[in-house]
Each structure stands twice: as C-alpha cells, then as structure tokens.
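Grab a coffee and work through these short exercises with the structure open. Try each task before you read its solution.

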Amino acid sequence: MSDLRELYQEVILDHHKRPRNFHKLEDANRHAEGFNPLCGDKIQLYLRVEDGIVRDAGFEGSGCAISTASASLMTEMLKGKTEAESEALFEKFHDLVTGKSMPDSASLGKLAVFSGVREYPVRVKCAVLAWHTLRAALQGSLERVATE
Ligand code: ZN
C-alpha cells in the first residue's frame, strides 16, 4: 500500500505541475463546465467527438492538485475511446474513489493511484469533478455541473 501511496503523490504532483491537454479545443463539438464549491475547483472541458469516438480532449480551469491531476489523466485516457467506453470509465473511476468497489486496476491504468483519495472524503469531490463534467459533455448538457 505504501508503494501506491508514493505513486499517488508522484503522479498527482507530476500532473498538477505539468497538466496534459491543458488548453481549449478550438474544434470541440462538446463542452461542459464543472464547479466544486467545497474546494473552489473549476473546469472547462472540451471534447471533439466524431463517429462516436473521442478524438481529442482538452481542459482549462483552476483548482487544487487533485482536481487538476484528475482532469489531466482523464483527458489522456479518453482519446480514442468510444462514448460508451468513456461512460464506463466514469463508472469505474467513481467506484474506485468512493470505495464502492475496487475495479481491476489494469483497466484503469494510472487512474488506479486515485484509490488513495478514499482516505480523504473531502478530496473525493475534487477527484470526480472532471468526470462529472465529462458525463455532462457526453450527454450534451449545457448546464453547469456542481458536485454539491
Ligand atoms: Zn479540490
């Protein structure tokens, strides 16, 4: 477990310092906005979905290390996935951080390090913000998502 904890800190710090896909997508055809009032995390998520496949993903916003790292890892993982696969990943990630179940870590890749968030309940909302925003973007909802 201590290995996972070290990895958790390493991965989160890395993605917080150098977030991947941290930019607006000019050719996005899906967009959603998320806000976590508990922590003040804000995210704008952009997707380009073609033929049911997420071709590109990017995000902007400001938030704590966990929310930024979560969005960064999420956008990395989404590219090339179908909308159904992206939705399934949302479910797995949600189960992982809320502790509902422990999905097989192989299918989660680096996201598995977020299992450490479970120990900090207030941080769970930071970790899932990007994912709730993703769901809204996939469903084409134009309403702002709030974790509360
Ligand atoms: Zn946060």
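**Exercise 1: Check the length of H2**

Task: work out how far H2 should span at 1.5 Å a residue, and compare that with the distance between its end C-alpha atoms.

Solution: H2 has 14 residues, and the expected span is 1.5 Å times one less than the number of residues, so it should cover 20 Å. In this predicted model, the end C-alpha atoms sit 20 Å apart, which agrees. Just past the helix comes Gly 80, with a positive phi near 90°.

**Exercise 2: Buried or exposed?**

Task: decide how enclosed H2 is by the rest of the structure.

Solution: Buried means under 20% relative accessible area. Twelve of the 14 residues meet that cut-off, so H2 is largely enclosed. Among the buried ones are Ile 66, Leu 73 and Met 77.

**Exercise 3: Meet the partner helix**

Task: describe how H2 packs on H5.

Solution: Start with the axes, which come within 8 Å and cross at roughly 35°. The crossing is right-handed. Next, look at who touches: H2 brings residues including Ala 71 and Met 74, and H5 offers Cys 126 and Trp 131, among others. Sort the contact residues and you get nine nonpolar, two polar and one charged.

**Exercise 4: Find the zinc ligands**

Task: which residues coordinate the zinc ion?

Solution: Cys 39, Asp 41, Cys 64 and Cys 126 do, at 2.2 to 2.7 Å. Their spacing in sequence reads C-x1-D-x22-C-x61-C. Asp 41 lies in strand E2 and Cys 64 in the loop between strand E3 and H2, so this pair ties together parts 23 residues apart in sequence. Both Asp 41 and Cys 64 are buried.

Terms used:
Residues are numbered from 1 along each chain as its sequence is written. This is a predicted model: local features need pLDDT of at least 70, side-chain atom pairs count only at pLDDT 80 or more; totals for chains, interfaces and linings use all residues. Side-chain values use heavy atoms; hydrogens and water are left out. Donors are N, O and S atoms within 2.8 Å of the metal (3.2 Å for Na, K and Ca); water is not among the atoms, so sites may look incomplete. Helices (H or I, at least four residues) and strands (E, at least two) are DSSP runs, numbered from the N terminus. Buried means under 20% relative accessible area, exposed over 50%, partly exposed in between (1.4 Å probe, protein chains only). Axes are lines fitted to C-alpha atoms, for helices over the stretch in contact, and angles run from 0 to 180 degrees between N-to-C directions. A crossing is left-handed if the near helix is turned anticlockwise from the far one by less than a right angle, and right-handed if clockwise. Contact means heavy atoms within 4.5 Å. Ala, Val, Leu, Ile, Met, Phe, Trp, Tyr, Cys and Pro count as nonpolar, Asp, Glu, Lys and Arg as charged, and the others, Gly among them, as polar.
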